[in-house]
Amino acid sequence: MNFSGADRTRQLITVGVGTLLLLVMGGVLIAGFRLATQMNAKVQALQTSSVLQTYPNTISAQLVSLRDRLEARQYAGQQLADLRATVERFDEQMKQLNAAKAGDSTALDQATDLWKQYGPAVDPVIDFHGQPYVDSDESGSSFSAEGRTHYADVKRASLFAQENSKRLQTQLAAVATRMQTEASSGAEIGRASCR
């Protein structure tokens, strides 16, 4: 088989154009994949920041409930367990939000700093594992020595949470708004690149 020069040139041009199209399509697919990955991360950060807005009020309400149960000398184990679980979830999700690089936000930095201030108030409460009451035939149920300390810790944490929950919630709302804006602008870029 003997190819003429024109046939060979046509074949080389066809292969070259095919290769060029393949490279362009590969580049577009890679760029689209990167954009989709970034959008997914922003949407997840938005979801996390939206959920986090509910936690400050929940923590405050759980502390009040725990305080009320202790004042009434009622079983408070479930309220304490619920508070521990809420604080743990909130802390974990704050870490995820910071790891997602939504931490460029001043509001997130402020929320993280404020959450760190919750630690000294809330940690003694959730670290309690003793018996808050002692029972006697003469006086009925009263606080044990560790129960009095625990009750004082709960009151202090409850007051701190009531004073700071609105501010923390506002900061988290600002983070969610920022993430919403980023997700919307990323979606707009994605739509523009598809046109």
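This is a short group-meeting talk on the predicted model shown above.

Okay, hi everyone. Before anything else, remember that this is a predicted model, and every value I quote is computed from it.

Let's start with the overall layout. The protein has five helices and two strands. If you walk along the sequence, you go α-α-α-α-β-β-α. There are 195 residues in the protein, and 33% of them are buried. For the surface, we get about 12,000 Å² exposed, with 57% of that coming from carbon and sulfur atoms. And how are the contacts spread along the sequence? Taking contacts between residues at least 6 apart, 75% join residues that are at least 24 apart.

Right, on to helix α1, which covers residues 5–52. Two things to show you here. One is a nonpolar patch on the surface: Ile13, Val17 and Leu21, with about 280 Å² of accessible area together. Ile13 is a member that sits in α1, and its relative accessible area is 51%, so we call Ile13 exposed because the cut-off is over 50%. You can see that the number is 51%, so keep the cut-off in mind when you read that label.

The other thing in α1 is a salt bridge. Arg10 and Asp7 bring their side chains together at 2.9 Å, N to O. Both are in α1, three residues apart, about one turn of the helix. Are the two partners buried or exposed? Arg10 comes out exposed at 52% relative accessible area, while Asp7 is partly exposed at 29%.

How many salt bridges are there by this rule? The count is five. I'll show you two others, and they share a residue, Arg67. With Asp68, Arg67 makes a salt bridge at 3.1 Å, N to O. With Glu71, the closest N and O atoms are 3.8 Å apart. That second distance still counts because the rule asks for a nitrogen within 4 Å of a carboxyl oxygen. Put those together and Arg67, Asp68 and Glu71 are linked in a network. Glu71 and Arg67 are four residues apart in helix α2, residues 55–71, which is again about one turn. As for accessibility, Asp68 is partly exposed at 36%, and Glu71 is partly exposed at 40%.

Staying in α2 for a moment, look at Gln62, which also lies in that helix. Gln62 has a relative accessible area of 16%, and it counts as buried because that label applies under 20%. What is Gln62 touching, once you set aside its neighbours within four places in sequence? The answer is Asp82, Leu83 and Thr86. Two of those names, Leu83 and Thr86, are on the buried list for α3 as well.

Between α2 and α3 there's a loop, and Arg73 is in it. The phi of Arg73 is near 55°, a positive value in a residue that isn't glycine. Arg73 is partly exposed, at 31% relative accessibility. If you're checking backbone torsions, there's one to click on.

Next, α3 itself. It covers residues 77–99, so 23 residues, and the span from its first C-alpha to its last is 33 Å, close to the 33 Å expected at 1.5 Å a residue. The buried residues in α3 are Gln79, Leu80, Leu83, Thr86, Val87, Phe90, Gln93, Met94 and Leu97. Then there's Glu88, in the same helix, α3, which is exposed at 60% relative accessibility. Where does Glu88 sit relative to Ile126? They are 38 residues apart in sequence, and 9.8 Å apart in space, C-alpha to C-alpha.

Last stop, the strands. β1, residues 133–136, and β2, residues 140–143, run antiparallel and are joined by four bridges. They form a hairpin, with three residues between them. If you want a spot to zoom in on, Val134 stands opposite Ser142 in β2. In a regular strand, side chains alternate between the two faces of the sheet.

To recap: an exposed nonpolar patch of Ile13, Val17 and Leu21, a salt-bridge network around Arg67, Asp68 and Glu71, a positive phi at Arg73, and the β1–β2 hairpin. That's it from me.

Terms used. Residues numbered from 1 in each chain as written. Predicted model: local features only at pLDDT ≥ 70, side-chain atom pairs only at ≥ 80, totals over all residues. Heavy atoms only, no water. Patch = residues over 30% accessible without salt bridge, like charges linked within 9 Å, V, L, I, M, F, W, Y side chains within 5 Å. Areas by Shrake-Rupley, 256 points an atom, 1.4 Å probe, with all protein chains shown as cover. Buried < 20%, exposed > 50% of the residue type's maximum accessible area, 1.4 Å probe, protein only. Expected span 1.5 Å × (residues − 1). Contact = heavy atoms within 4.5 Å. Pairing = 2+ DSSP bridges.
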